[in-house]
There are 2 protein chains.
Amino acid sequence: MTNLERVSRNKSFGGWQEVWKHDSSATATPMQFGIYLPPQAASGPCPVVYWLSGLTCTEQNFITKAGAQQMAAELGLIVVAPDTSPRGTDLPGEHEHWDFGSGAGFYVNATQAPWSDHYRMDTYVTEELPALIQAHFPVQDKAAIMGHSMGGHGALVLGLRNRERYTSISAFAPISAPSECPWGHKAFGHYLGEDRAAWAAYDAHLLIQEEGKALPILVDQGSEDNFLKEGQLLPEKLEAAAKQADYPLTLRYQEGYDHSFYFISSFIAEHLRFHSQYLNA
Amino acid sequence: MTNLERVSRNKSFGGWQEVWKHDSSATATPMQFGIYLPPQAASGPCPVVYWLSGLTCTEQNFITKAGAQQMAAELGLIVVAPDTSPRGTDLPGEHEHWDFGSGAGFYVNATQAPWSDHYRMDTYVTEELPALIQAHFPVQDKAAIMGHSMGGHGALVLGLRNRERYTSISAFAPISAPSECPWGHKAFGHYLGEDRAAWAAYDAHLLIQEEGKALPILVDQGSEDNFLKEGQLLPEKLEAAAKQADYPLTLRYQEGYDHSFYFISSFIAEHLRFHSQYLNA
């Protein structure tokens, strides 16, 4: 039993932006997610796009700041935006760092204590949440996945690990090679342990080189992104790996844009159009 | 000397969303405002729209949540969004109420101590800020004014009191008859005193009946707005007064929408188009 309960509901562009809460078996905690139901969802099932947010975010950041509802309403897309980690637990050190623990689940299934009891965002995002959405909302089978920063990493790795589940992947400023950047070292070291072999299963620039169906991937990266300059994002490693593997990646550098939601909102419509062509193919 | 200083700058839809800070002579405090500079502003002056926010807001709410930048970029409009009250003072009771004091300047020039030293948002919005914008940014002479809730009240009253300064007025869920609602009683009682004759100078449904040029006015009101149901907004009094005075008001009820930024973002593009036709006439 999930105890699915609606937290809020606001009319938006002729559809409804809702937030729901439920008990998650994957994380063994309550979880919240946002869902935008476009006007078309009132008369029949719609394809769904999953959005994964970045470090420090809850389900609120995307639904209040990205401005995705306008194009989702135009294209008839349902957009689901989960929280970025379990909440309500109080593990040692869980709330002390903005880039690790609460708000920073990194979309992995943790294998290390104490994280492994709750930090299972991989299973939550790829299995439990889609099953719940399928059971309770008017969605078609087809789904796409997208995200920003840590959530761009999540979209890339969960999409590449589950190529039969998604039609397409897109990301804004993703953490593209977490095995090789400070954020990834910290998070993967705690969640997955020090054996780097386990890290490879959640590293986009390694996964993109594996055999499998080549899902369409669109990545936008702002040229003035401070985290790009600090070497946390490493899109050049994703690009080189895709080239090496002959994987058809579209990586665009957007001149002058930074890491913020002002960047996301400027290009979210293009990303939704990108997914729509595959969701409706 | 205003000590004008840029606080932040984010590229957005090909233009720039900036926040600036300066020392205000009107309020005798520092003040912050947001300004969106569309791509067209790089090559020449653009018309400007002033946005006034509602209770509890700073300059941040509108610039992060309304999604105005997209249409402002398309139409070539500069959008200026000031804070809603002086900050940094600590007057008796100033921070104890969400609907009065800080975050709740009500766009009046207070006449009562201790408010009259700082709470002079009328002069700030209609004189000091436009002069500063004119001096430091590439703006044309023409300006429009709009806002939400308390800021919708501000747009209506400041527009109607200064019909030669603005081309057009629009509002989302404005407080339309503050002399006759609890929010207005509380704020005007403190800022303007108990003599209701002074209140009339800041009451839209009274000002709309005065002689003068009939500026185009567009008002959108959500039908599911809790504050509408509580009798804080009273658009029906504005409508009746306009009819009585033969003032060409466009008041639209939007079915199912509430008082939130989800409502604003759904119709902000239409409001900017409305102003653009007069700004570019």
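The following paragraphs lead through a predicted model, beginning with the interface between chain B and chain A, passing to one helix of chain B, and ending with the salt bridges.

Where the chains meet, 22 residues of chain B are in contact with 22 residues of chain A. The area buried between chain B and chain A comes to about 1700 Å², and carbon and sulfur atoms give 48% of that area. On the side of chain B, three residues stand out, since B:Lys11, B:Phe13 and B:Tyr262 supply 38% of the area that chain B buries against chain A, more than any other three residues. The elements of chain B that give two or more residues to the side touching chain A are strand S1 (5–12), strand S2, helix H1 (59–65), helix H2 (69–75) and helix H10 (261–279). Sorted by class, that side of chain B has six nonpolar, eleven polar and five charged residues. Despite the presence of charged residues there, the count of salt bridges between chain B and chain A is zero, whereas ten residue pairs are in polar contact across the two chains, counting pairs in which both residues are at pLDDT 80 or more.

Within chain B, helix H3 spans residues 121–136 and bends by about 30° at B:Leu129, with a proline, B:Pro130, following within four residues. Both B:Leu129 and B:Pro130 belong to the buried residues of this helix, among which are also B:Met121, B:Tyr124, B:Val125, B:Leu132 and B:Ile133, together with B:Asp122 and B:Glu128. The general geometry is worth recalling here: an α-helix has 3.6 residues a turn, so residues three or four places apart point the same way. The buried residues of H3 in chain B pack against strands S2 (15–24), S3 (29–37), S4 (46–52), S5 (78–82) and S6 (139–148), and also against helix H4 (150–161) of that chain. Strand S2 therefore appears in two settings, since S2 is one of the elements that give two or more residues to the side of chain B touching chain A and is also among the elements against which the buried residues of H3 pack.

Turning to charge pairing, side chains of opposite charge can pair when their charged atoms come close, and over all chains the count comes to 22 salt bridges. In chain A, A:Arg252 forms a salt bridge with A:Asp220, the closest N and O atoms being 2.7 Å apart. This pair links distant parts of the chain, with A:Arg252 in strand S9 (residues 249–254) and A:Asp220 in strand S8 (residues 217–222), 32 residues apart. A:Asp220 counts as buried because its relative accessibility is 0%, while A:Arg252, at 24%, is partly exposed.

In chain B, B:Glu180 pairs with B:Lys237 in a salt bridge whose closest N and O atoms are 3.2 Å apart. B:Glu180 lies in the loop between strand S7 (169–172) and helix H5 (182–192) and B:Lys237 in helix H9 (residues 235–245), so the pair ties together parts that are 57 residues apart in sequence. Both partners are partly exposed, B:Glu180 with a relative accessible area of 40% and B:Lys237 with one of 30%.

Also in chain B, the side chains of B:Arg252 and B:Glu270 meet in a salt bridge at 2.8 Å, N to O. Because B:Arg252 lies in strand S9 and B:Glu270 in helix H10, the pair ties together parts that are 18 residues apart in sequence. B:Arg252 is partly exposed at 25%, as is B:Glu270 at 38%. Finally, salt bridges that share partners join A:Arg6, A:Arg9 and A:Glu18 into one network.

How values were computed: Residues numbered from 1 in each chain as written. Chains lettered and ligands numbered in written order. Predicted model: local features only at pLDDT ≥ 70, side-chain atom pairs only at ≥ 80, totals over all residues. Heavy atoms only, no water. Bend = angle between axes of the 7 residues up to and from the residue. Buried < 20%, exposed > 50% of the residue type's maximum accessible area, 1.4 Å probe, protein only. Contact = heavy atoms within 4.5 Å. Buried area = accessible area lost by both parts, 1.4 Å probe. Salt bridge = Lys/Arg side-chain N within 4 Å of Asp/Glu carboxyl O. Polar contact = N/O pair within 3.5 Å; in protein donor to acceptor, adjacent residues only side chain to side chain. Nonpolar A, V, L, I, M, F, W, Y, C, P; charged D, E, K, R; others polar.
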